[in-house]
Amino acid sequence: MGKFTLHKTGILLLSLLVINACNSVSQDFGQFSRIQSFDENWQFFLGDSVAAVNSENWRELDLPHDWSIEGEFEQDHPAGLGGGYLPGGMGWYKKTFKIQDSSKLTSIQFDGVYMDSEVWVNGEYLGKRPNGYISFDYDLTPYLKYDGQENEILVKVDNSKQPNSRWYSGSGIYRHVWLNTTNKLHVANWGSFVTTPIVSEDSAAISIESMIENEYPVSKTATIETSILFNEAEISSTEENFSFEANSIKNIQQRITIETPQLWSIDTPNMYTAKTNIIIDGELVDSYKTPFGIRTFEFDLDKGFILNGEQLKIKGVCLHHDLGPLGAAVNTRAIERQLEIMKDMGVNGIRTAHNPPTPELLDLCDRMGFVVMDESYDMWNNTKTKYDYANYWNEWHKKDLEDFIIRDRNHPSIIIWSIGNEIQEQWKEQGVRTARELKAIVRELDTTRPITVAMNPPVNMPDANVTTQFDTAKVSLNPVAASGVLDIIGYNYAHQTYEHHQKNFPETPFIATETTSGLQTRGYYEFPSDTLKIWPVRWDIPFDGGNPDHTISAFDQVRVPWGSLHETTWKIIKKHDFLSGMFIWTGFDYIGEPTPYTWPSRSSYFGVVDLAGFPKDVYYMYQSEWTDKDVLHLLPHWNWENGQSVDVWAYYNNADEVELFVNGKSQGIRKKQGDELHVMWRIPIEAGTLKAVSRKAGKIVLEKEVHTAGEAFGLKLTPDRETINADGKDLSFIKVEIVDDKGNLVPRAKNQLNFSVEGEGKIVGVASGDPANHESFKGKTHKALNGKCLAIVQANKNAGAIELTVSGEGLKTNTISITTK
C-alpha cells in the first residue's frame, strides 16, 4: 500500500497506482463469467407488504429502475421541494432464476438501492441496508436450490418516510445488480488493492494486495499468478505458491515492476489491467481482472495541485446523481453524455455531491480523464431532514464507510476523499471527534489520498455580501477546521476568504469544495444585465420576489446570498497558484431544491447546463477560460421590441478584441480590460442580423451571427448520435429546436410538442429544461422552453432503425431515423 506523507515543505505527496473491479465488465474465466448482469426480467409492485403478497398486479421491468420519476408532481408529496415534489412510498421487486452448479459459491451484488432495503431468497432473510447510495452484497449459497429448480429473490425498498433528502433521491433498485459466481477459493469482491510506491519515467514498482477467501472446509495450496496487461497485451507477470487454511481469509502481497510506464492523466488517461489467476493442481479456478492507472500527485502549499509533476488547476463541478428526465435510474450512456458536455466546457474535475456515486461514473472518469473528489456523507449524527441517514448513523456509518473506500479506492481518477458535506457538528467538539474517527477508518484502508470535509466557511466571517478585505486578525476557526485532522482544508463558498488562506491555514493546502451558486433560466434575459440580484435575500427568510413565471435571467447577474456570480469566484481561483481549484455548484441542474423559488418550481437553477442537457450562456464563459479551443459566444437572442435598449455580451478567447455589427453597421470594438471575462455593448434593437467578429493581431479568429427569427414554422431534430447499440440500454439524445422558415431558432417559442416512435426502440424521456414544468418526463408530450426540447430514445435488442416523429400545432412535422446495430 502506498505511503501518505506530509513533507516538511508542506507538500502532500501521493504516489498511487489505482484500480477498480469494474462492474460493467464481466470477469471471465473458464467456461463462465465470474460476474454477470442480473438486471433483466424483474417484477415490480408499488404498495405495502400485504398488498404486494396478495396482488396479481406486478409488472415486468428491467433494472435499473426509479419509480418516483414515473409519478406526478404534487405540492403535497412529503418529499417536498427538496425531493422535487415527486412521490416516494414502498416498492417490491422479485425475480426467479436457476443455478446449475452447486459446487460454486453464488452471491448477489447491489450497486445501490434507495433506500432502507431488505432482501430475501427462497424465503430466507439475507439482511437490511438503510443507506440508499452504498453498494453491498449477500451470499446466496446456503439458501439456493439446484438441479433445475427455481429460486426466488425478493427485495423490499422503503422510501416512505420522507423527507429524507435535501434533493431528489429517486426510489427503488436504481443502480445495477450483479450475480457473482466463484470457486470456493477466490479473490474477494473488491478484494484487490494496488499501489505504486515508486514511479519514475523508467519504471513503476507495483504492489498488489489481494484478499483471498478459502471457503473449503480443508486447507488449500494454490498458485497465485498475476499479470499486467496494457492494450490487452501482457507486459509483466509474477507467480507464487501460497497455503490457505480451511475457512479462512488471507491477504497476500505481490510485487511487479513494469518498464516505461504510461501515466494516467487528464489528457492521456492510460489504463492498465491487473489479472490475478488462482490455480489449484494445474486447474484455473478463479480469475479477477482489475483496471488501473499509474500516476503521482501532490497538493502543494504554494503551487496547488500537481499531477505527474505538472501543475494543474482543478476546474471542477459538483454533480448530483440524478440524470434529469431519466431520474435516478443509472444509464451509462446518459452519464457519459453528461461528462462529454462537461469535458467540452473544459471541466477536469468532478465532485460526487454528496454521496457514494454509481460505479459507472467512476469508471467513466477513469477512462475519460477527470479527477474526482469522492464524497461519502451529507450528514453525520445530526439530521438535516427528519428521516435522513443520521437516523442510522450509529449502527451503519462504519460499515458503510469501509465498503465505500474498499469499493472505490483503486480508481486513478479519485484524488480526494471527502468524509462529509456541511456537517452540522463541524461547529462542536463532537464534530472533531467524529472527523477523527472517520479519518482513522479511511486510513486503515487507504493511505494514498488526502482527506477533507466540505465545510461551511471554517471561519466566523462577515456577511457574504461584504467584499472588502478579510480581517484575519478577527478570524476564529470552526473546531473541525482548526483541529488539524484534515489533510486539505475544503470549504463551500466564502470566496472572500480564499486569498487569505495561507494566513488562516499556513500548514494545510486548499480546495474550494463548492463554489458560486449562480442562478439562471436558459434562454431568458433581463436588462440591465450589469445589475446584481441576490435571490433570496437571506437563506433563512422565505423568498417573495423574483418573477411571476419563476424565471431567472440567464446573464451572469443573479446569485444566492452565500455564493457568488460565476465570474467572481473563477477570477479569484485563477489568480493564485496556491488555490488548487474549485467545484462549481453545479455542472447540471438537478431535480429538487429549486432555490430561490418553491412550488411550482421543482428543479434547480444552479446548473451551468439545464436539466435537458442544453448549456446556459455562462457555459461559454468557462469554455473560453478553461479550454484552448477558439470561443466566441454572443448573447442574448435578437428578438426584442423595436427601439428597446438591449445589452449584448460576448465571451471570447484567443483574440485581442471583438467588433459588433447590426445589419452590417459597426457598433464598436470592445476589449477585455484587467481581469474582465466578457465584453458588453448597450444598443437599441434593430431587427435583422447581429454579428460579432473576434480578431487577433488584426486577423479574424471567429465570426458569429444571431438573426431575428420569424414565426415558428418547423422543427429541427439533431441527435447526439445517429447510430447506437441494439443492446436494450443505449440511448440517443435528440435535440428538438423550433425554427422559422429560414431555419433560425425561435428563441421564445414554447410550443407544445408531441413525440411518437416506431421501430426498434422506445421513448424513455422528454424534457425542456424548464424548472417549473409539471409534465411527466416519461410522457409523450412536452412544452418547449425558449425554442428547445429534448427526446431520449432507447434501443431494444433488435438491429434496425428507430423512427422518432415530432409534431406541434402550427409546426411542420419532422421525423428522424436512428440506426441500431
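These legends accompany several close-up views of a predicted model.

**View 1. Salt bridge between E340 and R333.**
Let's start with a pair of charged side chains. General chemistry sets the scene: side chains of opposite charge can pair when their charged atoms come close. Here E340 and R333 meet through their side chains, with 3.1 Å from N to O. How exposed is each partner? E340 is partly exposed because its relative accessibility is 36%, a value between the 20% and 50% cut-offs. R333 has a relative accessibility of 7%, so R333 counts as buried. A search of the whole structure finds 37 salt bridges, and the next views show others among them.

**View 2. Salt bridge between R522 and D610.**
In this view, the closest N and O atoms of R522 and D610 are 2.6 Å apart. R522 sits in the loop between β30 (510-516) and β31 (533-534), while D610 belongs to the loop between β33 (579-585) and α9 (618-626), so the salt bridge ties together parts that are 88 residues apart in sequence. Are these two residues buried or exposed? Both R522 and D610 are buried.

**View 3. Salt bridge between R682 and D530.**
The loop between β30 and β31 appears again here, this time through D530. R682 pairs with D530, and their closest N and O atoms are 3.1 Å apart. Strand β38 (residues 679-684) holds R682, and the pair links distant parts of the chain, 152 residues apart. With a relative accessibility of 43%, R682 counts as partly exposed.

**View 4. A network of salt bridges.**
Which residues are linked in this network? They are R129, K399, D400 and D403.

**View 5. Helix α2 crossing helix α3.**
Now for a pair of helices. Helix α2 (residues 332-345) and helix α3 (residues 359-368) have axes that come within 10 Å and cross at roughly 40°. That angle makes α2 oblique to α3, because angles under 35 degrees would count as roughly parallel, and roughly perpendicular begins at 65. The crossing is right-handed.

**View 6. Residues in the contact of α2 with α3.**
Which residues bring the two helices into contact? From α2 come T332, I335, E336, L339, E340 and K343. From α3 come E360, L361, L364, C365 and M368. Sorted by type, the contact residues comprise 6 nonpolar, 1 polar and 4 charged. E340 will be familiar from the first view, where E340 forms a salt bridge with R333.

Technical notes:
Residues numbered from 1 in each chain as written. Predicted model: local features only at pLDDT ≥ 70, side-chain atom pairs only at ≥ 80, totals over all residues. Heavy atoms only, no water. Salt bridge = Lys/Arg side-chain N within 4 Å of Asp/Glu carboxyl O. Buried < 20%, exposed > 50% of the residue type's maximum accessible area, 1.4 Å probe, protein only. Helix = DSSP H or I, 4+ residues; strand = E, 2+ residues; numbered from the N terminus. Axes fitted to C-alpha atoms, helices over the stretch in contact; angles between N-to-C directions. Parallel < 35°, antiparallel > 145°, perpendicular 65-115°, else oblique. Left-handed = near helix turned anticlockwise from the far one by under 90°. Contact = heavy atoms within 4.5 Å. Nonpolar A, V, L, I, M, F, W, Y, C, P; charged D, E, K, R; others polar.
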